[in-house]
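Colleague: I would like to go through this fold with you, beginning with the sheet and ending with the helix pairs. Please give the reasoning with each answer.

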Amino acid sequence: LAGARSSTTGPVVAVVGGGGKSGSLSLAAARQAGAARTIGVVPTAAEAARLEAAGLADEVVLADARDPIALRDAVATAGGPADVTVVCVDVPGCEGGAVLATAERGTVVFFSMATSFPAAALGAEGLAADVTMLVGNGYAPGHAAYALDLLRGNPGVRGLFEGRL
């Protein structure tokens with residue numbers, strides 16, 4: 001969360017696809033790193049119920065990430081805009097919504113191979129959005145050990161993973 005515009009106590013972090021594997025790890029990592037508020041965005045009521053039960057997000061909201069206005073509004077009603085938005089969904093067309101859900105001078109982390117980077121860059125320019133966009137490639141030194149520590153040490157993450165077995 002380094003470099004994030006923060007409130008008095010820490011940044012607001014929204015994770016699009018917060019109920020999935022990378023999304024749940026992102027929510028747990030954000031909280032551990034000092035996020036003041038975490039928002040999990042999911043597409044269905046069933047997924048929302050699982051994420052709420054896991055206790056990983058301060059707010060869980062329903063939104064189709066491919067609908068930019070719906071995503072922006074869902075994050076806003078949960079305490080956004082987000083200082084950091086992490087996109088963990090495997091569907092194309094989520095770039096505009098992620099940009100709109102992010103505060104000016106905030107950061108969007110695209111952690112999905114379905115992301116169209118030209119659409120993200122041109123969309124942010126067209127929206128006159130001053131956001132930093134990062135590409136998550138899945139590798140950082142120590143990432144595997146950190147992910148396993150989160151999985152082992154966080155009952156919510158572990159429960160979501162085990163529920164997928």
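Modeller: Let us begin with one pair of strands, keeping in mind that this is a predicted model. Strand E5 (residues 102–110) and E6 run parallel and are joined by 4 bridges. Phe-110 stands opposite Val-135 in E6.

Colleague: In what order do the 6 strands of the open sheet lie?

Modeller: The pairing in this sheet is parallel. Its edge strands, each pairing on one side only, are E3 (59–62) and E6 (132–135). Neighbouring strands are turned by 20° against each other on average, direction ignored. The order is E3-E2-E1-E4-E5-E6.

Colleague: Which strands does helix H1 (residues 21–32) touch where it packs on the sheet?

Modeller: The direction of H1 makes about 170° with that of E2. Helix H1 touches E1 (12–16), E2 (37–42) and E4 (82–87).

Colleague: At what angle to E6 does helix H5 run?

Modeller: Helix H5 covers residues 117–126 and lies across E5 and E6. Its angle to E6 is about 175°.

Colleague: Is Thr-107 buried or exposed?

Modeller: Thr-107 has its place in strand E5. Leaving out residues up to four places away in sequence, Thr-107 touches Asp-83, Val-84, Thr-85, Thr-102, Thr-132 and Leu-134. Its relative accessible area is 14%, and the cut-off for burial is under 20%. Thr-107 is therefore buried.

Colleague: And Ala-114, in the loop between E5 and H5: which residues does it touch?

Modeller: Ala-114 has a relative accessible area of 24%, so it is partly exposed. Its C-alpha atom is separated by 28 Å from that of Asn-154, 40 residues apart along the chain. Not counting residues up to four places away in sequence, Ala-114 touches Asp-90, Val-91, Pro-92 and Glu-95.

Colleague: Why do the buried residues of H3 line one face of the helix, and within what arc do they fall?

Modeller: In H3 (residues 68–77) the buried residues are Leu-71, Ala-74 and Val-75. Viewed down the helix axis, they line one face because they fall within an arc of 95°. Their cover includes E1, E2, E3, E4 and helix H4 (95–100). The arc asked for is 95°.

Colleague: What phi does Gly-79 take just after H3?

Modeller: The phi of Gly-79 is positive. Its value is about 115°.

Colleague: How are H6 and H7 oriented to each other?

Modeller: Helix H6 (residues 143–153) packs against H7 (residues 155–163) with the axes 5 Å apart and an angle of about 95°. Angles of 65 to 115 degrees count as roughly perpendicular, so H6 is to H7 roughly perpendicular.

Colleague: Which residues meet there, and how do they divide by class?

Modeller: From H6 come Leu-150, Leu-151, Arg-152 and Gly-153, and from H7 come Pro-155, Val-157, Arg-158 and Phe-161. By class, this contact of H6 with H7 has 5 nonpolar, 1 polar and 2 charged residues.

Colleague: What is the orientation of H1 to H7, and which residues make the contact?

Modeller: The axes of H1 and H7 are 10 Å apart, at an angle of about 175°. That angle makes H1 roughly antiparallel to H7. The contact residues are Lys-21, Ser-24, Leu-25 and Ala-28 of H1 with Val-157, Leu-160 and Phe-161 of H7.

Definitions and conventions: Residues numbered from 1 in each chain as written. Predicted model: local features only at pLDDT ≥ 70, side-chain atom pairs only at ≥ 80, totals over all residues. Heavy atoms only, no water. Pairing = 2+ DSSP bridges. Helix = DSSP H or I, 4+ residues; strand = E, 2+ residues; numbered from the N terminus. Axes fitted to C-alpha atoms, helices over the stretch in contact; angles between N-to-C directions. Contact = heavy atoms within 4.5 Å. Buried < 20%, exposed > 50% of the residue type's maximum accessible area, 1.4 Å probe, protein only. Parallel < 35°, antiparallel > 145°, perpendicular 65-115°, else oblique. Nonpolar A, V, L, I, M, F, W, Y, C, P; charged D, E, K, R; others polar. Arc of directions from axis to C-beta.
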